[in-house]
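Reader: I have the fold open on my screen and would like to walk through it with you. Could we take it piece by piece?

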Amino acid sequence: ETGTKVCCLKPEQMNEQEAIERYMHRHGLNDFSPKAALIDMDGTLYDSMGHHADAWYKLISGLGIECCREEFFLYEGRTGVSTINLLFNRAYGHDATPEEARELYKTKTELFSAMPPVDPMPGARAMVDTLLSRDITTVLVTGSGQNTLLNRLDTDFPGAFPDGRRITSHDVKFGKPHPEPFLRAMELVGVSAEQSIAIDNAPMGVKSGAASGAFTIGVVTGPIPEEELWNAGADIVYSSMPQLARRIQHLLNTL
């Protein structure tokens, strides 16, 4: 009866207990004991998506390709080459050459790096610290390959994302929304999907996490509406990172 009830709930009506029961029912699980949290970087750990959107818009509009700044928030999670090819296909009907893509992404990286430093997302450190205090292994899962933020992780989130627990654009063939990034993260630390929590702020990342089979948390940290994260397949959505930081202990206690 519980499973039937949970499956009939609208997502926005769910609390942590109901979200977990719904996830377990959908995957046919009798137990859910997460051992790893697979966490996005841009827009989740760092308040960086505005800078990324500005850099992409300056690069792509400078090529004469019609675009708007807001659309780049929706591409978050894609690898740089994937984003470039998406826009090249829209404008020209073909991919960029590997050389073009490499040079364009280099320029985009330089544009981002020249902007003022971004801060960690409010609440992100508290959220990560709570996970670590519960002996849950934290793994970075990002579509970025830029060192600007990767090089700050050890300082801003000490002990949480050492080099051996990072999946970046350099480690995958298919970026988000394909499940490969989260699946590779699971392989990295030897856990199954049923032992994993995925945390992401973008529809592409939520789709990737959900497709991997992990219990997927969406968190609103920018202009993307909450509904987009539900539609992408999130098991539960929080309205901000501070809210997730406050509720993550309750979610883990629920387990």
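Reader: At what angle do helix 7 and helix 13 pack?

Author: Happy to start there, and keep in mind that this is a predicted model. The axes of helix 7 and helix 13 lie 8 Å apart, and the crossing of the two is left-handed. The helices pack at an angle of about 15°.

Reader: Is helix 7 then roughly parallel or roughly antiparallel to helix 13?

Author: Angles under 35 degrees count as roughly parallel, and those over 145 as roughly antiparallel. The angle here is about 15°, which makes helix 7 and helix 13 roughly parallel.

Reader: Which residues of helix 13 does helix 7 meet?

Author: On the helix 7 side, look for A124, A126, M127, T130 and L131. Across from them, in helix 13, you will find M241, L244, A245, I248, Q249 and L252.

Reader: Which residues of helix 7 are buried, and why do they line one face?

Author: Look down the axis of helix 7: its buried residues fall within an arc of 160°, so they line one face of the helix. They pack against strand 1, strand 2, strand 4 and helix 13. The buried residues are A124, M127, V128, T130 and L131.

Reader: Is S133 buried or exposed?

Author: S133 lies in helix 7. Its relative accessibility is 52%, and the cut-off for exposed is over 50%. S133 therefore counts as exposed.

Reader: What separates the C-alpha atoms of S133 and Q249?

Author: Along the chain, S133 and Q249 are 116 residues apart. Q249 belongs to helix 13, where it is one of the residues met by helix 7. The C-alpha atoms of S133 and Q249 are separated by 9.9 Å.

Reader: Which residue just after helix 7 takes a positive phi?

Author: Go to the loop between helix 7 and strand 2. The residue there has a phi of about 60° although it is not a glycine. At 69% relative accessibility, it also counts as exposed. The residue is D135.

Reader: In what order do the strands of the sheet run?

Author: There are 6 strands in an open sheet, and their pairing is parallel. At the edges sit strand 3 (166-167) and strand 6 (236-238), each pairing on one side only. The order is 3-2-1-4-5-6.

Reader: How many bridges link strand 1 and strand 2?

Author: Strand 1 and strand 2 pair in the parallel sense. You can find the pairing at A36, which stands opposite T137 in strand 2. The number of bridges between strand 1 and strand 2 is 4.

Reader: What is the bridge partner of V141 in strand 3?

Author: Strand 2 covers residues 137-141 and pairs with strand 3 in the parallel sense over 2 bridges. Strand 2 is mostly covered, with 4 of its 5 residues buried. In strand 3, the bridge partner of V141 is I167.

Reader: Which strands does helix 13 lie across?

Author: Helix 13 spans residues 241-254 and runs at about 155° to strand 5. Helix 7, for its part, lies across strand 1, strand 2 and strand 4, running at about 160° to strand 1. The strands that helix 13 lies across are strand 4, strand 5 and strand 6.

Reader: Where is P177, and which residue does a cis peptide bond join it to?

Author: You will find P177 in the loop between strand 3 and helix 10. The omega of its cis peptide bond is about 15°. The residue joined to P177 is K176.

Reader: Is S169 buried or exposed?

Author: S169 is found in the loop between strand 3 and helix 10. Leaving out residues up to four places away in sequence, it touches T79, T142, G143, S144 and G145. Its relative accessible area is 17%, while the cut-off for buried is under 20%. S169 is therefore buried.

Reader: Is helix 3 oblique or roughly parallel to helix 6?

Author: The axes of helix 3 and helix 6 come within 9 Å and cross at roughly 130°. Residues in the contact include H51, W56 and L59 of helix 3 and L104, Y105 and F112 of helix 6. Helix 3 passes helix 6 in a right-handed crossing. The angle of roughly 130° makes helix 3 and helix 6 oblique.

Note on methods: Residues numbered from 1 in each chain as written. Predicted model: local features only at pLDDT ≥ 70, side-chain atom pairs only at ≥ 80, totals over all residues. Heavy atoms only, no water. Pairing = 2+ DSSP bridges. Contact = heavy atoms within 4.5 Å. Axes fitted to C-alpha atoms, helices over the stretch in contact; angles between N-to-C directions. Buried < 20%, exposed > 50% of the residue type's maximum accessible area, 1.4 Å probe, protein only. Arc of directions from axis to C-beta. Parallel < 35°, antiparallel > 145°, perpendicular 65-115°, else oblique. Left-handed = near helix turned anticlockwise from the far one by under 90°.
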